[in-house]
Amino acid sequence: GHTRTLRSDQPQHANSPACHATRQSRPAEEPKTNNLHDLTSYNSGIPNKAFYLAAIALGGHAWERAGRIWYESLRSPQVRPNATFRSFAAVTSHQASILFGADERKAVAEAWHEVGIAV
């Protein structure tokens with residue numbers, strides 16, 4: 001297992017938020033495994049860092065706004081099993097606007113931008 005701090009920009013592997021934001025258009029090679037836990041861990045850094053950045057930008061307790069935005073986004077029928085980072089980012093940005101308003105939408109969109117995902 002890996003321990004990751006979301007405050008750090010030190011990459012853990014090729015698909016970490018820091019690497020993703022600076023990568024050109026070449027995706028990282030997927031790990032050669034069929035283990036869902038390994039694949040989930042491999043891809044979790046980017047949306048986790050976006051959540052962290054949004055929570056910091058929004059302030060307060062993470063569960064009050066950022067947590068609610070992510071939770072409602074995960075419940076949205078727009079989020080399908082084959083969702084991409086970009087499609088999930090769009091849903092979180094939209095949910096932020098619906099739930100809280102333009103300032104929160106902007107904070108969420110900027111968080112995704114910081115990890116290299118355009119909303």
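This report describes the packing of two helices, an aromatic pair and a pocket in a predicted model.

## Basis

In this predicted model, local features need pLDDT of at least 70 and side-chain atom pairs count only at pLDDT 80 or more, whereas totals for chains, interfaces and linings use all residues. Residues are numbered from 1 along each chain as its sequence is written, and side-chain values use heavy atoms, with hydrogens and water left out.

## Helices H3 and H4

The axes of H3 and H4 (lines fitted to C-alpha atoms over the stretch in contact, with angles from 0 to 180 degrees between N-to-C directions) come within 9 Å and cross at roughly 140°. The two helices, H3 and H4, are therefore oblique to each other (not under 35, over 145 or 65 to 115 degrees).

In the contact (heavy atoms within 4.5 Å), Pro 47, Ala 50, Phe 51, Ala 54, Ala 55 and Leu 58 of H3 meet Ala 66, Gly 67, Ile 69 and Trp 70 of H4.

## An aromatic pair

Among the 4 aromatic pairs (ring centres within 6.5 Å, Trp taken by its six-membered ring) is that of Phe 51 and Trp 70, which is edge-to-face (planes over 60 degrees apart), at 5.3 Å centre to centre and 80° between the planes. Because Phe 51 lies in helix H3 and Trp 70 in helix H4, the pair ties together parts that are 19 residues apart in sequence.

## Pocket lining

Helices H2 (36-43), H3 (45-58), H4 (66-75) and H5 (85-99), which are DSSP runs (H or I, at least four residues) numbered from the N terminus, each supply at least two residues of the lining of the largest pocket (an open set of points on a 1 Å grid where a 1.4 Å probe fits, with protein on both sides within 12 Å along at least five of seven lines, and lining residues having an atom within 4 Å of a point).

Definitions and conventions. Rings of Phe, Tyr and Trp (its six-membered ring) pair if their centres lie within 6.5 Å; planes under 30 degrees apart count as stacked, over 60 as edge-to-face and the rest as tilted.
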